[in-house]
Amino acid sequence: MPHEIMSLWVLLPVTLPLCTISGAWIVYTMAVYNQHVCPINNWVYNSSCEEPLVMQSGQSLCCTLDNIPLISKCGVLPPESCWFSLLCSIGSFMVMLNGLLRYAQVMEQQKQDSVLNMMGLCSGWLCAAGLIMVGNFQVDFAKVLHYVGAILAFPTSLLFVCVQTILTYRLAKTHTHCRTAHLRLTLTLLALITLLLCGVFFPQDSFTLQHSAAVCEWIFVIAVLLFYGTFFVEFRLVSSHTLVVLIQRGQQRGLSQNECKQERA
């Protein structure tokens, strides 16, 4: 019975990409409907629009660099900004849970903690912290804090998927695990390429390059979220023993810290 209850953890990696990707597209749809950003398929921009996009009407809309459909740009103005903040907050919490459970499961399989596994946990939690900042400090009103969150979230997301791909290959014992490792490697390479392109295109003044940066950003985020979804392969086997291992590790760390304090005293 405990094993059956714990097997419900498999819903966690499935729910994260399902809810977050659909939620992000809902926010995007609201932003496009309210004419706060241009559609992702619009590549025509004009540097001398007579009036802001939100005040325009008709079929032919005039977009500027302020209307690039970056993910965070879609969540700047209400009402979509409220949903964007909620989405980032919930997504951040689920990223932390996924990272912690994956850390416990790897530690259970390796019979000990490792630097690589700890790196995966830390990168996942740093990504969650950055995601909170991105969602709650809109780029048009708190640019510095928003960019700090983005700089924190994006590279750590890439580091997380890289570490987890390496761990998957190291722990692979069946053909299913090998196929999962290959899938994760594909998603990791896709995330790496799109993040690098986004970093190159985003600082440019060109309308086309900045719009390309937005497309790359969307692909990067979707690739990372789909990567989290692949954890359903391992999380099917999560049991009460997995959580016991995590608790015991926490107790060992607490004892070690107390011993160090006593020695210093």
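Select Cys49 and Cys62 to begin, and look at the bond between their sulfur atoms: with -85 degrees about the S-S bond, this link is left-handed. The two residues form a disulfide, with their sulfur atoms 1.9 Å apart, where a disulfide is taken to be a pair of cysteine sulfur atoms within 2.5 Å. In chemical terms, a disulfide is a covalent bond between the sulfur atoms of two cysteines. Both Cys49 and Cys62 lie in the loop between helix 2 and helix 3, so the pair ties together parts that are 13 residues apart in sequence. The helices named on this tour, like strands, are DSSP runs numbered from the N terminus, a helix being H or I over at least four residues and a strand being E over at least two.

Before going on, keep in mind that this is a predicted model, in which local features need pLDDT of at least 70 and side-chain atom pairs count only at pLDDT 80 or more, while totals for chains, interfaces and linings use all residues. Residues are numbered from 1 along each chain as its sequence is written, and side-chain values use heavy atoms, with hydrogens and water left out.

Next, select Cys38 and Cys63, which are joined by a disulfide with an S to S distance of 1.5 Å. The link of Cys38 and Cys63 is left-handed, with -85 degrees about the S-S bond. Both cysteines sit in the loop between helix 2 (11-33) and helix 3 (71-74), so this pair ties together parts that are 25 residues apart in sequence. Cys38 and Cys63 are buried, where buried means under 20% relative accessible area, exposed means over 50%, and partly exposed lies in between, computed with a 1.4 Å probe on protein chains only.

How many disulfides does a search of the whole structure find? The search finds two, and if the bonded cysteines are numbered in sequence order, the pairing is 1-4, 2-3.

Now select Cys74 together with Cys38, because the sulfur of Cys74 is 11 Å from that of Cys38, its closest cysteine sulfur, which is too far for a bond. Cys74 counts as buried because its relative accessibility is 2%. Then move to Cys198, whose closest cysteine sulfur, in Cys216, is 6.3 Å away and therefore too far for a bond. Cys198 is also buried, with a relative accessible area of 12%.

For the next stop, select helix 6 (residues 143-171) and helix 7 (residues 175-201), which pack at an angle of about 155 degrees with their axes 9 Å apart. The axes are lines fitted to C-alpha atoms, for helices over the stretch in contact, and the angles run from 0 to 180 degrees between N-to-C directions. The angle makes helix 6 roughly antiparallel to helix 7, a term used for angles over 145 degrees. Among the residues that make the contact (heavy atoms within 4.5 Å) are Phe154, Leu158 and Tyr169 of helix 6 and His177, Arg184 and Leu195 of helix 7.

Finally, show the whole chain, where the secondary structure comes to 10 helices and zero strands. The C-alpha trace spans about 70 × 50 × 35 Å along its principal axes, and buried residues make up 45% of the 265 residues. Among contacts between residues at least 6 apart in sequence, 73% join residues at least 24 apart.

Technical notes. Parallel < 35°, antiparallel > 145°, perpendicular 65-115°, else oblique.
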